[in-house]
Protein chains: 2
Amino acid sequence: MSLRKLFCLALIALGGSYMVNAQEALSHKVLHHSPIVNSDSTATFIVNAPKAEKVTVSGLTSQPLEMQRDSIGNWILTTPQLASNLYTYSIDIDGVRTVDPSNVYVARDISALSNVLIIPGGNADLYAVKDVPHGSVSKVWYDSPTLGMKRRMTVYTPAGYEDNPDKKYPVLYLLHGMGGDEDAWNELGRASVILDNMIASGEVEPMIVVMPNGNAEKAAAPGYTAEGMYVPDGRFSVAPQGKFENAFKDITGYVDSHYRTIPDKDHRAIAGLSMGGGHSWRTSLLNPDDFGYVGLFSAAVRWNGNGVDDSEELVVPLKRQFANPPSLYWIGIGKDDFLYGLNADYLKLLDSLSLPYQYHESEGGHTWSNWRDYLTIFLPKLFK
Amino acid sequence: MSLRKLFCLALIALGGSYMVNAQEALSHKVLHHSPIVNSDSTATFIVNAPKAEKVTVSGLTSQPLEMQRDSIGNWILTTPQLASNLYTYSIDIDGVRTVDPSNVYVARDISALSNVLIIPGGNADLYAVKDVPHGSVSKVWYDSPTLGMKRRMTVYTPAGYEDNPDKKYPVLYLLHGMGGDEDAWNELGRASVILDNMIASGEVEPMIVVMPNGNAEKAAAPGYTAEGMYVPDGRFSVAPQGKFENAFKDITGYVDSHYRTIPDKDHRAIAGLSMGGGHSWRTSLLNPDDFGYVGLFSAAVRWNGNGVDDSEELVVPLKRQFANPPSLYWIGIGKDDFLYGLNADYLKLLDSLSLPYQYHESEGGHTWSNWRDYLTIFLPKLFK
């Protein structure tokens, strides 16, 4: 898009009159739509900051992209071509990291608030809301007697759930990583959008997806407890290891008694990323009759300490789990992931024991981009 | 709080080490907690912007508050004493309106993203999450044959709803203003937090609260339809007037068939703000047997044109509605509201017809501060 066309668009937006007497916030005007996704998979950003000396956009490419100032103080950038994806980006104005003043779509990753941008035409078409039947997304509080508290979780029920009161559904338990919470998979992972799209296309079976909070010491995401609006810092104790996994029966118990599930191994999946991959790994290992499908996304497959363990303490339950093996044991990791070596060691252990699995090795590292992608690969394999 | 104490706090936060290899976003460090709410109901803000020439905080007082620069480029402000409330504020750095770089708690009001800050010790204690039983908050899609689309709404079910499958509940329909959507009452209005707190204290009856989208031409809030992540502009057609109200039976029909409601006038309330006040007014007027409780918050009580109408077209249905009067007909407005005159005229009309109502006149104008407050006054009057 030419700059001339861009400014025409900006002027059109600027010219729109507001119904200023209608509601409080209408007094704040947005001068332009930014970013604009162009047809050649570039995106154009405009930030009005006449007094700034340097403005950059971070999160789209490996290095921040510098914006160029025009004569009246608009900073403008048209990016290189971007691969289809959901990007979380931020704007840096003279050293202050902030969100794009012209983009209200944001997502929080631990203590960082970033803007969301979708470049269509590939993978990200699954992350964009489409005109398909939508499931419901609920924030519910379940009782965890094991942890001694009521805890918040996100539950996705597929389109049709409310209108088919006799139909029962399989369940995927989908777990976040360290520093995340029960909002993470749906906001950064776009889980409900992906499910809506892939169920609508027939690629994925209608299922309930349960996204609990994996921090055994917190009842809910930041801002949803009596602790108030503190700064989320991502530091939370995972010790004693196994605390969350040991309380997992409280989650499955609640779900099977409050939703129309098919409460057996063939209709129960568990998957997670990073720490949540570790949770999925240990929970399925310790409850071999409960989960017929297991997904380990960039998983922290640490039994004790930092490495893969080949002690009897791990090998015995592994053999027991695979005596009646899960229908799917899926492992995905990026070549640049800091857990790549750990996962490679784990694959060797599985190989040495002749235990079957599916392995997906991707480019990139420990990123939501990969985890969303893994989810779209994993989901079609479930409950078939 | 002294600056010295403030910097000690900042340094403590700065010193915290991150588990940097744990998850993607942990690389973004928050240098300090801002704002800090002090025990004297002031709040202290810190923004690190060494190159800025002027930094202000807007939204707390009638005029923006100027921050003061220290020698290393931190901009600091301790506010005057603030009344207990939930504030939405923004930071202006050299003319760029943005959110506080150190506060991840934000809310969107049409096209403005602002930070959220709670000053406790008064009204706002009802807006803060407490350690009480929490209801569920769901985003569900209901079918509206009248409008020819599936539409998204927010449904609050009170704590205990899931665990008492034989219990039936009354329903409050709670409607937003122009430019708002099905997220507005829960995010800016803190509806579910207020309900949790007031039900827990016994002041309010457990009830279902339904928050639909009042824009008859949109299926859902910005970002939740196939239109994608456009800039919300708050401009939407309300013509032909009555379109939303005429389709209201699709909402009550869905709710009564999908939730455990008590589907009669004595257990059904409708309330809304501004345009949603107009919707509540007309919907209850046109369906006199459906709503036993009516709440008009800064309501746009326009029948035709801009003024209050005393034509037969309005007076006849009004008399019909009050022939078997609602248990509560509650009108709240601020002295500075631009709709004050309209509401005063409407009260005169009601008086001239000897129709009973409760009237609450507050300070202030057309603000979420008033609407949250009205909700806390209105709720205890319902279903008793």
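Colleague: How far apart, N to O, are the side chains of A:Arg152 and A:Asp183 in their salt bridge?
Modeller: Happy to start there. This is a predicted model, where local features need pLDDT of at least 70, side-chain atom pairs count only at pLDDT 80 or more, and totals for chains, interfaces and linings use all residues. Side-chain values use heavy atoms, without hydrogens and water. A salt bridge puts a side-chain nitrogen of Lys or Arg within 4 Å of a carboxyl oxygen of Asp or Glu, and for A:Arg152 and A:Asp183 the N to O value is 3.3 Å.

Colleague: How many residues apart in sequence are the parts that A:Arg152 and A:Asp183 tie together?
Modeller: Helices (H or I, at least four residues) and strands (E, at least two) are DSSP runs, numbered from the N terminus. A:Arg152 lies in strand 12 (residues 149-157) of chain A, while A:Asp183 sits in the loop between strand 13 (171-175) and helix 2 (184-187) of chain A, so the pair ties together parts separated in sequence by 31 residues.

Colleague: Is A:Arg152 buried or exposed?
Modeller: Buried means under 20% relative accessible area, exposed over 50%, and partly exposed in between (1.4 Å probe, protein chains only). A:Arg152 has a relative accessible area of 5%, so the residue is buried.

Colleague: In chain B, which residue forms a salt bridge with B:Asp256?
Modeller: B:Asp256 lies in helix 5 (residues 248-258) of chain B, and the partner is 12 residues apart, in strand 15 (residues 268-273) of chain B. B:Asp256 counts as partly exposed at 26% relative accessibility, whereas the partner counts as buried at 7%. The closest N and O atoms are 2.9 Å apart, and the partner is B:Arg268.

Colleague: How many residues of helix 9 of chain B are buried?
Modeller: Helix 9 covers residues 368-378 of chain B and is largely enclosed by the rest of the structure. Among the buried residues are B:Trp368, B:Trp371, B:Tyr374 and B:Phe378. The count for this helix is 9 of the 11 residues.

Colleague: What rotation superposes chain B on chain A?
Modeller: Copies are superposed by least squares on the C-alpha atoms of residues with pLDDT of at least 70 in both. The shift along the axis is 0.0 Å, with RMSD 0.0 Å, and the rotation is 180 degrees. That is the relation of a two-fold axis.

Colleague: What percentage of the interface residues of chain B are also interface residues in chain A?
Modeller: Contact here means heavy atoms within 4.5 Å. The copies meet through the same surface, because the share of chain B interface residues that are also interface residues in chain A is 100%.

Conventions:
Residues numbered from 1 in each chain as written. Chains lettered and ligands numbered in written order.
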